[in-house]
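Got your viewer open? Let's take a walk through this one, a stop at a time.

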Amino acid sequence: MTQDYEYLCALGDKSFTSAASRLLLGGESMAIAEERVASIQSVSGTGALWIGAKYLSRVLNYNTFYIGLTDAREYRYWDPATRSIDMEGLLEDLRNAPKKSVIILQACSHNPTGLDPTRHQWSQIVDVLEVVNFLPYHERSLLPFLDCAYQGFASGDIHQDAWTVRYFEKRGLEFMCAQSFAKNMGLYSKFTITSNKAQNRIFYFFI
């Protein structure tokens, strides 16, 4: 609802979703300039993930989620022996993921480990995703779904913490992103989901 208690349209407050997209992708985003970004406002951080998952499952027939819904699987991440990211295991799991899989990745401030990939490690992850990202839909293996719930908490800089999402855009990947303002700004019922799809469009779902 608005401050006047009027119901919002189905896609939410356009001024809010537009501002959220700029905050996430930055003022120099080519995707925004080329009108390849679509945004939807939804309820709660998990709500954005749920809406995105339902869209992927019902419309695009993606039913395997890492970590997810109807066919839930896990990729290796935390290595307790070295107390670091198991990059070799993570990349191996991504390469072996079945076709039409959605890979859920946290953009920053990884919960619960608190350990984020370095920029070099993100480039390795994107290298794997990029191989299948430009295949036709019926052949495509992996679709990244970024979860950005702690923007500003990892480094103290909202732009620094948006680097991962902006890097995915710059590499030209098709992806989705759930963005939340509950924790970093205390704005509840103000979240977004974004996805980069057909013709490299990016769809944002703000909760």
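Before you click on anything, one bit of vocabulary: a residue is called buried when its relative accessible area is under 20%, exposed when that is over 50%, and partly exposed in between. Keep in mind, too, that you're looking at a predicted model.

**Stop 1: the whole thing.** Show the cartoon for the full protein. You should be able to pick out seven helices and 10 strands. Of the 207 residues, 50% are buried. Switch on a surface if you like: about 10,500 Å² is exposed, and carbon and sulfur atoms supply 52% of that. As for how the chain meets itself, take the contacts with a separation of 6 or more: residues 24 or more positions apart account for 67% of them.

**Stop 2: Arg76 and Glu92.** Now for the charged pairs. Side chains of opposite charge can pair when their charged atoms come close. How many salt bridges does a search of the whole structure find? It finds five.

Select Arg76 and Glu92 and show their side chains. They form a salt bridge, with the closest N and O atoms 3.1 Å apart. Arg76 sits in the loop between strand S3 (71–73) and strand S4 (78–79), while Glu92 belongs to helix H4 (residues 87–95), so the bridge links distant parts of the chain, 16 residues apart. Is Arg76 buried or exposed, or something in between? With a relative accessible area of 36%, Arg76 is partly exposed, because that value falls between the 20% and 50% cut-offs. Glu92 counts as partly exposed as well, at 37%.

Add Asp93 to your selection before moving on. Arg76, Glu92 and Asp93 are linked in a network of salt bridges.

**Stop 3: Arg171 and its partners.** Next, select Asp127 and Arg171. Their side chains meet in a salt bridge, 2.6 Å from N to O. Asp127 is in helix H5 (residues 119–133), and Arg171 is in the loop between helix H6 (163–170) and strand S8 (176–180); the two are 44 residues apart. Asp127 is partly exposed, its relative accessible area being 38%.

Keep Arg171 selected and add Glu130. Which distance separates N and O in the salt bridge between Arg171 and Glu130? The answer is 2.7 Å. Glu130 lies in helix H5 and Arg171 in the loop between H6 and S8, so this pair ties together parts that are 41 residues apart in sequence. Glu130 is partly exposed, with a relative accessible area of 25%.

Terms used: Residues numbered from 1 in each chain as written. Predicted model: local features only at pLDDT ≥ 70, side-chain atom pairs only at ≥ 80, totals over all residues. Heavy atoms only, no water. Salt bridge = Lys/Arg side-chain N within 4 Å of Asp/Glu carboxyl O. Helix = DSSP H or I, 4+ residues; strand = E, 2+ residues; numbered from the N terminus. Buried < 20%, exposed > 50% of the residue type's maximum accessible area, 1.4 Å probe, protein only. Contact = heavy atoms within 4.5 Å. Areas by Shrake-Rupley, 256 points an atom, 1.4 Å probe, with all protein chains shown as cover.
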